[in-house]
Amino acid sequence: MNGTYLNSGLASALCAGVAFVSMVCGADESGVGMSPKSGDVRVFAVQDTPGYNSWPMIQAVGDRLVCAYSRGSAHTINEGRRGVFARTSADRGKTWTDEVCVVNDPGLGEVTIGKGMDVDGAMLLWVRNWGKVRRHDLYRSKDGIEWKKVATPHLDPMPMQITDIFKVDGGGLMSLWFAGSYSNKEGGHSWGTLTSVDGGRTWIQRIVESGLAKSEWPTEQSAINLENGRILAIARCERGGKCQFQLTSVDNGVTWKRERTNIHDVRESTPSLIYDAKTRTVFNYYYQRGARKLKCRRVNVDQIFGNPMSWPEPTVLVEGKEKRDYDAGNVNATAVGGCHSLALYTGSTTDTTVFVVTSPVRLP
């Protein structure tokens, strides 16, 4: 994809020894794209082929980025033509390998919903299948090119989504999930945990809360392990909610506390957390739909663990240009080579582009 290169002039903006001397702004023919709001942020298109390229998941596998995403004809999850695809990058997102198909059953709509790593360093990818049947499959890849399905857990209640996989104390894996209806305003919403002690081949489901009203329903959670049994998660609120939720556990995910935060600049804003253990710094990335802003709130974990109303003000990294609120967002983040790489999408009702935003890590 062609781009415009601009000299940032910031010698301090270094990523793995490479200076940020340019930024690339992607846009389709209608002018829809993303504009960096900081000179040391770069934006690259991952996939802009015609169609609704959306809901990406990004993961660093070694020094390579793997971005998996879903493509259909519109903002729908159950159409048969919707499938899951992936591309990889060895240069922090500037160029990408040819697209590979992870799965595309013509009778189902497949959507990327969560990612992570197993204990051997391979990427794991949750895929939701919606249509003639409803299930969730887990795929594994060592390189982002060859994929193998490794699990189809039996789940009850059936989650709307299973979110990113993270390691917990003791060597196991965990994902959070949520079940219910985005459009249902009544009770009946729930969320909980999935745990695996065999690298993702089998999973145990636990319900944390059930019978929730939609306004109390924490969705699309992103969680990080703080060690010593402590887990921190941030969750999206659905329509009618006023802020992101903070979920905390002090016993390795057995019990949880759900609280509201002072993060109010949201509109169904999916969070994605990165944690730097050396400096105890948490990065909370999210896209404010409607305002068209990709934001980051950076904080020391001790400031907000148990103090959910203490999140600092955000920094704006990029701005989108989409016309409709829901044709953009769903940020997913990973760390590689001194940078944070953030995947998200933006576009029109029928054509959207998956972008990667690369930002240098600034630590205290």
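**Cysteines, sheet, cores and charges**

Colleague: In this predicted model, how far is the sulfur of Cys-101 from the closest cysteine sulfur?

Modeller: The closest cysteine sulfur belongs to Cys-67. To count as a disulfide, two cysteine sulfurs must be within 2.5 Å. The pair here is too far apart for a bond, because the distance is 15 Å.

Colleague: Then how many disulfides turn up in the whole structure?

Modeller: A disulfide is a covalent bond between the sulfur atoms of two cysteines. The search covered the whole structure, and Cys-67 is in no disulfide, with Cys-101 holding its nearest cysteine sulfur. The count is zero.

Colleague: Is Cys-67 buried or exposed?

Modeller: Let's start with Cys-101: at 46% relative accessible area, Cys-101 is partly exposed. Buried means under 20%. Cys-67 has 0%, so by that cut-off Cys-67 is buried.

Colleague: On to the strands! Which ones are at the edges of the open five-stranded sheet?

Modeller: Reading across this antiparallel sheet, the order is S3-S25-S24-S23-S22. An edge strand pairs on one side only, and that picks out residues 34–36 and 272–276. Those are strands S3 and S22.

Colleague: Within that sheet, what is the bridge partner of Asn-284 in S24?

Modeller: Strand S23 covers residues 281–288, and strand S24 covers 293–300. They pair in the antiparallel sense over eight bridges. For Asn-284, the partner in S24 is Arg-297.

Colleague: Which element gives the most residues to the largest nonpolar core?

Modeller: In soluble globular proteins, nonpolar side chains tend to be buried together. Here the largest such core has 32 residues, with Leu-232 and Trp-256 among those with the most contacts inside it. Elements that give two or more residues include strand S18 (219–227), strand S19 (230–236) and helix H1 (301–304). The one that gives the most, with five residues, is S19.

Colleague: How many residues does the other core have?

Modeller: This core lies apart from the largest one. Its members include Ile-58, Trp-177 and our old friend Cys-67. The size of this core is 30 residues.

Colleague: What about charges: which residue forms a salt bridge with Glu-220?

Modeller: Side chains of opposite charge can pair when their charged atoms come close. In this pair, the closest N and O atoms are 3.3 Å apart, and both residues are buried. Glu-220 sits in strand S18 and its partner in strand S19, so the pair ties together parts 16 residues apart in sequence. The partner is Arg-236.

Colleague: Lys-295 and Asp-265 also meet in a salt bridge; how far apart in sequence are the parts this pair ties together?

Modeller: The N to O distance is 2.8 Å, and both Lys-295 and Asp-265 are buried. Lys-295 lies in strand S24, while Asp-265 is in the loop between strand S21 and S22. So the tied parts are apart in sequence by 30 residues.

Colleague: And what is the distance between the closest N and O atoms of Arg-280 and Asp-302?

Modeller: Arg-280 lies in the loop between S22 and S23, and Asp-302 in helix H1. Arg-280 is partly exposed at 29%, and Asp-302 is partly exposed too, at 42%. Their salt bridge has its closest N and O atoms apart by 2.9 Å.

Colleague: How many salt bridges does the whole structure have?

Modeller: Some link up: Glu-209, Glu-216, Arg-258 and Arg-260 form a network. For the whole structure, the search finds a total of 18.

Definitions and conventions. Residues numbered from 1 in each chain as written. Predicted model: local features only at pLDDT ≥ 70, side-chain atom pairs only at ≥ 80, totals over all residues. Heavy atoms only, no water. Pairing = 2+ DSSP bridges. Helix = DSSP H or I, 4+ residues; strand = E, 2+ residues; numbered from the N terminus. Buried < 20%, exposed > 50% of the residue type's maximum accessible area, 1.4 Å probe, protein only. Core = buried A, V, L, I, M, F, W, Y, C linked by side-chain atoms within 4.5 Å. Salt bridge = Lys/Arg side-chain N within 4 Å of Asp/Glu carboxyl O.
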